[in-house]
Amino acid sequence: MTKINKVMKATTQPAVRTAVEKLNPDTAKEPINVLIVGVGGQGVIMVSKVLAQICQNLGYQVKQSEVHGMAKRGGVVFSHVRFGQNVWSPTIPMGKADVLIALEWAEGLRWMNYLRPDTGIFIADTKRIVPPFACRSRILGADIGYSKNTPSDVREKVAEAFAIDATEMATKAGNERAANTLLLGALSTTLSFPDDEWKNVIGKMVPPKTIEVNLAVFDKGQVWINRSRKGEPVEGGAFVPLVQPEINSVRTELSITPEWCKGCDICVKMCPERCLVLNKDQVAELAEPEKCTGCHICEWLCPDFAISLKPIHQEAVA
Amino acid sequence: MNEQATLKSKEDMTQDDIRNFEIRDYLRLDLFPHFMCPGCGHGIALRALLWAIHAQGIDKDKLAIVSGIGCSGRVGTYIDANTYHTTHGRPLAFATGLKMARPDLHVVVITGDGDCLAIGGNHLIHAARRNLDITCLMLNNEIYGMTGGQVSPTTPADRFTTTTPAGNMEPVFDACRLAEAAGAGYVGREVTIHLPRLRDIIAEGLAYKGFSFIEVMSDCTEVNGRKNDLGSSPEMVLGQTRAMRPSEYDNNVVDHPFRPNSMNTGVLVRSNRPEYGTSYRNMVDKVQALQQKGQK
């Protein structure tokens, strides 16, 4: 995982929008919608709780609804926060979210259709948590099924987009887990609430030992957004698409010596990919060569030494 | 006479030692296909042995394979090394003489359950007692396969064989405990389905200075499997893990005379007893020194 994260070192600047109107629930006709998404264990609920608490302190009507029960650590977590003079429904309709805060890159992309197409603000951590099922292919060196979209792809689809390497910045500040507070800092630049109120609530919400770090990264988040809005160079920045990690990608070629095979059926039944069959002469045959991952199980368990797998180099394949 | 080169311990073996293994470099290809039945576990055991030899980087000219009689005895024939096909039950006795005369050779004994425990049981306990540097691979298929399926000392309870048409009623040997009690310095057991683990156990046994006894739980698909409805070859291979229940092993005391289908696998004994060849040569030096003293 660390190896993958190290790949993202590029200096693409986020979109520049100079005239910024902060979202103000006093003047807005409809409730303001903030959608916070991420992966279990990152602190999605904490971010939404802080926001909801501030709105409540300031006297607005707040409705927050979340899905987290099934998520455990590593599953999808999202939280809807709506606030304003009058809020009726607790969930945000599709295409009505004013701000989307994503604590994980692919989760941000997944929820992008909830943003207002004209004015929605997209703030995402470039942290990538690759789920196990994205690495489902057992072929050695196979591509990972994770989003390859870059921040520049996102910028074309939404009004304003920020891709912050929040986890890296929070780690530098002293605690990786404060990345969510950094995104709160980024969020605070889009809303009209006073800074003191934000810091006050954060100080009450986070564990006492981590207050200092959290307040420091909150400021970092604010500075990051403000600077990047002006087009000034910022820490971290965007990233290049996820490439498959550097491994010795080895493809193998399976060959069967039919004269040695006695048709004991072990290879056919033991193959995890079910790519071998017994033909009409009761001799093992590779029926689906493209499915073979080169796991060697058939070779190892063949009592007659009839199967052999040899590595072939990628150049030879192409 | 040169002492044999020290082999690698499990920690020293690198991935490169294990990879790049081409079994056909170690086989007498003109004898293939081999005579064993379809699905016989001995073929898998042979691969594990040859792979361990490859991983340890043993030169084929410095390798001596001694085998007895039976299906397991024939396994040695297919290895492209110095092989020695001996009389029934006596491979350990032949190997003892070979190792004493040529300590530079790596001596590996391939024997079966009947060969090692019944006909050659006496040789096993004495080889284990002396702790001479031999690696003994006992391929346990729980039956005399080659002679038509007679009951063997490791046939489990109630199994049908040609000599027990109503089911086996004899208690069985636990070969690993026998070897351990007789004094073997290194004792291990593994099933053939766990080939990499079996390879590591054999490789460690090859490197061990002393008598290393490795019991390989193999399948007799044609005789034992068919007579007892143990399923097809893949079902028997898959059933091996089910048959091994380490947790029940230690509770199995005197009141359970039959093999309860629960034996633990892995390296069971790794002791530090003196090796017989070394002690013997020390004794020779001592006697020669005494003789020279007497001549003066």
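Select helices H2(A) and H6(A): H2(A) passes H6(A) in a right-handed crossing. This is a predicted model, and the tour starts in chain A.

**Stop 1: two helices of chain A**

Keep both helices on screen, residues 44–57 for H2(A) and residues 179–188 for H6(A). They pack at an angle of about 40 degrees, and their axes are 9 Å apart. Now show the side chains of the contact. From H2(A), pick Met46(A), Val47(A) and Val50(A); from H6(A), pick Asn180(A), Leu183(A) and Leu184(A). By class, this contact of H2(A) with H6(A) has five nonpolar residues, one polar and no charged.

**Stop 2: Gln222(A)**

Select Gln222(A), which belongs to helix H8 of chain A, residues 211–229. Is Gln222(A) buried or exposed? Gln222(A) is partly exposed, because 19 other C-beta atoms lie within 10 Å, whereas a buried residue has 20 or more. Leaving aside residues up to four places away in sequence, Gln222(A) touches Gly185(A), Ser188(A) and Thr189(A). Add Leu187(A) to the selection: its C-alpha is 7.9 Å from that of Gln222(A), although the two residues are 35 apart in sequence.

**Stop 3: where the chains touch**

Show both chains. The contact draws 20 residues from chain B and 14 residues from chain A. On chain B, helix H2 (41–55) and helix H10 (233–243) each supply at least two residues of the side that touches chain A. Which helix gives the largest share of that side? H2(B) does, with five residues. The side of chain B that touches chain A consists of 12 nonpolar, seven polar and one charged residues.

**Stop 4: the sheet of chain B**

Hide chain A and colour the strands of chain B. Seven strands make an open sheet with mixed pairing, in the order E2-E1-E3-E4-E6-E5-E7. Strand E2 (82–85) and E7 of chain B are the edge strands, each pairing on one side only. On average, neighbouring strands of this sheet are turned by 15 degrees against each other, direction ignored.

Go to the E2(B) edge and select strand E1(B), residues 63–67, which pairs with E2(B) in the parallel sense over four bridges. Ala64(B) has Asn82(B) as its bridge partner in E2(B).

**Stop 5: strand E5(B)**

Next select E5(B). Six of the six residues of E5(B) are buried, so this strand is largely enclosed by the rest of the structure. Turn the view to see the side chains: Tyr186(B), Gly188(B) and Glu190(B) point one way from E5(B), while Val187(B), Arg189(B) and Val191(B) point the other way. E5(B) and E6(B) run parallel and are joined by six bridges. Look for Ile214(B) in E6(B), opposite Gly188(B).

Add helix H8 of chain B, residues 195–207, which runs at about 165 degrees to E5(B). H8(B) lies across strand E3 (106–112), E4, E5, E6 and E7 of chain B.

**Stop 6: helix H7(B)**

Finish with H7(B), residues 175–182, where Ala175(B), Cys176(B), Leu178(B) and Ala179(B) are buried. These residues are on the same side of H7(B) because they cover an arc of only 160 degrees around the axis. To see what covers them, show helix H5 (113–119) and helix H6 (121–130) of chain B, which are among the covering elements. Strands E4, E5, E6 and E7 of chain B are also included in the cover. Past the helix, select Gly183(B), which follows H7(B) and has a positive phi, near 115 degrees.

Notes: Residues are numbered from 1 along each chain as its sequence is written. Chains are lettered from A and ligands numbered from 1 in the order in which they are written. This is a predicted model: local features need pLDDT of at least 70, side-chain atom pairs count only at pLDDT 80 or more; totals for chains, interfaces and linings use all residues. Two residues are in contact if their C-beta atoms, placed from the backbone, lie within 7 Å. Ala, Val, Leu, Ile, Met, Phe, Trp, Tyr, Cys and Pro count as nonpolar, Asp, Glu, Lys and Arg as charged, and the others, Gly among them, as polar. A residue is buried if 20 or more other C-beta atoms lie within 10 Å of its own, exposed if 12 or fewer, and partly exposed in between; C-beta atoms are placed from the backbone. Axes are lines fitted to C-alpha atoms, for helices over the stretch in contact, and angles run from 0 to 180 degrees between N-to-C directions. A crossing is left-handed if the near helix is turned anticlockwise from the far one by less than a right angle, and right-handed if clockwise. The arc is that of the directions from the helix axis to the C-beta atoms. Two strands pair if DSSP finds at least two bridges between them.
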